[in-house]
Each structure stands twice: as C-alpha cells, then as structure tokens.
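Colleague: Please take a close look at one buried residue in this structure and the surroundings it touches, and then place it in the whole. I am in my first year, so give me each cut-off when you use the term.

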Amino acid sequence: MMRAVQLTEIGKALKDADVPVPQIGPSDVLIRVAAAGICHSDVHYRAGISKIDDLPLTLGHEIAGHVEEVGSNVTQFSAGDRVCVHYLVHCGSCEFCVLGLEQFCRSGQMIGKHRDGGYAEFIKVPGANAFLLPDEIPFEVGAIMMCSSATALHALKKARFKAGESIAIFGFGGLGFSALQLALAFDCGDVYVVEINPAKLATAANMGAITVDAKTADPVAQIKEATAGRGVDVALELIGSAKTMRQAVLCLGPLGRAALVGLTAESISIFPYTELINKEAEIIGVSDHLATELPALPEFARSGKLRFPPETLRVVDLDAAQINAALDALQDSIDHVRTVIVPRV
Ligand SMILES: [Zn+2]
Ligand SMILES: [Zn+2]
C-alpha cells in the first residue's frame with residue numbers, strides 16, 4: 001500500500017487515502033514521486049470547474065521522481081534514474097499521434113485528471129511519458145517545468161516567435177514567469193509584461209521586462225506609445241479574460257501574432273478590417289504542449305536561462321490538510337510562488 005491524496009467528492013476538500021501501489025504493465029515505469037507541483041488546474045478540478053469523470057482520483061500532473069521499476073518492454077530507463085513526466089498519455093498510433101500532435105490523440109488521457117496522478121508516493125506512467133532529468137536540476141524544478149514552462153514554450157513556438165522580435169506577455173503568474181525567461185533565452189527584442197499586481201510587476205522588471213501597469217492606463221496605449229505606434233510582433237495572453245485577449249490582439253503590429261493560452265468561456269469581439277485584416281495579424285489557439293518540445297526545458301534550466309529561485313518555491317508534505325491549504329491559497333493567488341509536494345520518506 002501507499003499514501004495518496006485524493007479528490008473523492010467534487011467541491012470538497014481532498015482526502016488522505018491508503019491505496020495499492022500501482023501494478024505496471026510491460027510498457028510502463030513505476031516512479032517514486034520526489035516532487036509533485038500543485039497547479040491552478042487542480043483548483044478547478046477540486047471545484048468542479050473542469051469536469052472529472054471518475055472518482056476517487058489522485059490529482060497531480062506535474063511530477064518528478066526516481067524510476068522504481070520498469071516494464072519488460074521499457075529499455076530506455078533503469079531503476080534509480082531521475083525522471084520528470086509528460087502529463088499527456090497518448091496512444092502513439094492514431095492519426096494525430098503519428099504526426100507528433102499527441103494533444104489531439106483520439107484516446108488521450110491527462111494524468112491527474114483522467115487517470116491517477118502524482119499526489120502519491122508512487123505513480124505508474126507509460127515509459128514514453130518519462131524524460132530524464134539531469135542531476136543538477138532539483139526535482140521540484142523538474143516537476144513544475146513540465147506544466148507551466150512547457151506550455152509557455154509551446155505558446156512561443158505556436159506564435160513562431162523569433163530572435164529579435166518584440167513580445168507582450170499578459171499575466172505574470174506561473175506561465176508568465178516561464179514565458180519571460182524563455183523569451184529572453186530566445187534573444188527577444190523588447191519584452192513587455194502587462195500586470196496589475198505591483199509585486200509581480202516589480203519581479204518582472206527585475207528579470208528584464210518593460211512593465212506595463214494595466215491599472216494606471218490602457219495597456220494597449222502604453223505599448224503603442226513605447227513602440228512609436230507600431231505595436232509588438234507577438235502577444236501571449238496567459239490570463240484567460242476576454243478583455244486581455246482583445247488587448248493582446250490590439251497591441252500587435254503588422255504581421256503580429258496573438259497566442260491565446262488562458263481559458264475563458266466569454267466571447268471576444270474584434271473588428272476584422274481595422275484590427276486584424278489590415279495588419280495581417282493572426283490569432284492562434286494554444287493547448288498544452290508536445291513531447292518533442294520537452295527536452296529543451298532541462299537544457300534551458302541547466303544553462304541557467306530558466307530559473308526557479310528558492311524564494312519562488314514552497315514545499316509541503318504529502319498531506320491532505322497542507323495540500324488543501326495550498327489549493328485555497330492558489331484560488332486567490334497574489335504571487336507566483338509555486339507549491340510543490342515533497343513526500344517525506
Ligand atoms: Zn499544471
Ligand atoms: Zn493517439
């Protein structure tokens with residue numbers, strides 16, 4: 001048996017549970033969890049905003065740890081290897097998987113949503129979902145890289161972001177924190193961070209961004225003024241609000257691309273001729289990320305281009321009370337400190 005923290009009822013606190021250690025199949029690896037990130041998506045699962053089909057469920061999709069056991073068909077890992085986990089389990093053979101577009105897999109499953117996740121001592125995942133984590137990268141960093149950093153990287157790729165281009169990042173939470181560092185790693189031109197939170201604006205400024213305080217004046221006007229009326233090449237919307245999505249489109253210059261990452265059910269309005277067609281701008285949807293993109297992240301972390309200083313990480317035990325408190329805090333997050341579960345041994 002092992003300890004796990006599970007969602008047993010929508011809208012209720014997670015609970016401590018004792019569950020069997022997962023039995024692995026021939027293509028699986030069993031990982032002893034060393035770190036599991038607590039993500040804003042988990043708040044949505046607990047609250048019932050994102051639908052969970054089968055309960056009880058062990059949450060947690062940001063996972064790093066040691067390989068404990070490998071299936072007979074898994075040749076790329078052996079027991080003791082340090083790994084982090086790609087959270088989309090896919091079939092590998094459908095029309096999308098063969099193109100390397102596993103986020104559209106016909107039978108895809110998200111770890112910690114459609115199958116048990118990493119709020120546990122052990123997790124079973126297909127060998128194809130495990131990626132080696134270099135010794136110099138802490139497990140806590142490996143875990144959270146696999147969600148927010150991976151999605152920020154995918155957003156930059158979807159926006160076809162190139163060296164020298166200017167970029168506006170709307171929202172400086174977990175995604176924005178990675179997006180700024182990755183944009184700088186790609187040798188971006190000017191990078192604007194749009195926020196209303198003074199502490200986040202101060203951090204962004206320290207990290208090399210030109211800050212745009214959306215509380216003091218219209219962010220589009222501020223970006224237009226700073227770019228002599230031209231606008232930016234790329235805008236990332238990481239908040240999930242119709243208002244900032246519209247602003248992300250309006251701050252673009254000619255041939256600009258707005259990548260929408262934040263989730264909302266609201267509709268946005270755009271005047272096609274004057275706001276899109278005229279400047280041949282593009283609006284691009286971004287969903288999750290791809291296995292092929294992930295190996296770049298440990299490299300950015302190893303070279304110091306992607307950093308999560310200790311003051312940006314908080315550690316809790318594999319304990320329902322501590323995890324529920326962290327989820328409560330995330331609900332009205334005011335900083336970009338990420339909480340990571342480190343099970344005590
Ligand atoms: Zn996440
Ligand atoms: Zn597939």
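Modeller: Two residues are in contact when heavy atoms of theirs lie within 4.5 Å. The model is predicted, so to speak of local features a pLDDT of at least 70 is needed, side-chain atom pairs count only at pLDDT 80 or more, and totals for chains, interfaces and linings use all residues. Residues are numbered from 1 along each chain as its sequence is written, chains are lettered from A and ligands numbered from 1 in the order in which they are written, and side-chain values use heavy atoms, with hydrogens and water left out.

The residue I take is N324. Leaving aside neighbours within four places in sequence, N324 is in contact with A13, L14 and R46. N324 belongs to helix α9, which covers residues 320-331. Helices are DSSP runs of H or I with at least four residues, strands are runs of E with at least two, and both are numbered from the N terminus. N324 has 10% relative accessibility and therefore counts as buried; buried means under 20% relative accessible area, exposed over 50%, and partly exposed in between, with a 1.4 Å probe and protein chains only. Not every residue at a modest distance along the chain is close by in space: S269 is 55 residues from N324 in sequence, and their C-alpha atoms are separated by 37 Å.

Next, follow the contact to L14. L14 sits in the loop between β1 (2-7) and β2 (15-19). L14 is buried because its relative accessible area is 4%. Leaving aside neighbours within four places in sequence, the contacts of L14 include A320, I323, N324 and L327. Also among them are V5, Q6 and L7, as well as R46, L59 and Y119. R46 is thus touched by L14 and by N324.

From L14 the view goes on to P56. These two are 42 residues apart in sequence, with 9.7 Å between their C-alpha atoms. P56 is in the loop between α1 (40-47) and β4 (57-58). The peptide bond that leads from L55 to P56 is cis, and its omega is near -5 degrees. For background, most peptide bonds are trans, and most residues other than glycine have a negative phi.

The second half of that background also has cases here. D187 is not a glycine, yet its phi is positive, at about 55 degrees. D187 lies in the loop between α3 (174-185) and β12 (191-195), and it counts as exposed because its relative accessibility is 56%. D288, again not a glycine, has a positive phi of about 55 degrees. D288 is in the loop between β16 (282-285) and α8 (296-302); with a relative accessible area of 22%, D288 is partly exposed.

Two other buried residues can be set beside N324. S149, in helix α2 (residues 139-158), is buried at 0% relative accessibility. Not counting residues up to four places away in sequence, S149 touches I144, S178, L182, L297, L306 and F308. V125, in strand β9 (residues 122-126), is also buried at 0%. Under that rule for sequence neighbours, V125 touches D28, V29, I31, V85, I111 and R115.

Now the whole. The protein has 9 helices and 18 strands. Of its 345 residues, 54% count as buried. Among contacts between residues at least 6 apart in sequence, 71% join residues at least 24 apart. The C-alpha trace spans about 60 × 40 × 40 Å along its principal axes. The radius of gyration is 20 Å, which agrees with the value near 20 Å for a compact globule of 345 residues; the radius is taken over C-alpha atoms, and the globule rule is 2.2 Å times the number of residues to the power 0.38.

Last, the cysteines. A search of the whole structure finds 0 disulfides, where a disulfide is a pair of cysteine sulfur atoms within 2.5 Å. C251 shows why one cysteine is unpaired: the closest cysteine sulfur, in C188, is 14 Å from its own, too far for a bond. C251 is buried, with a relative accessible area of 0%, and C97 is buried at 11%.
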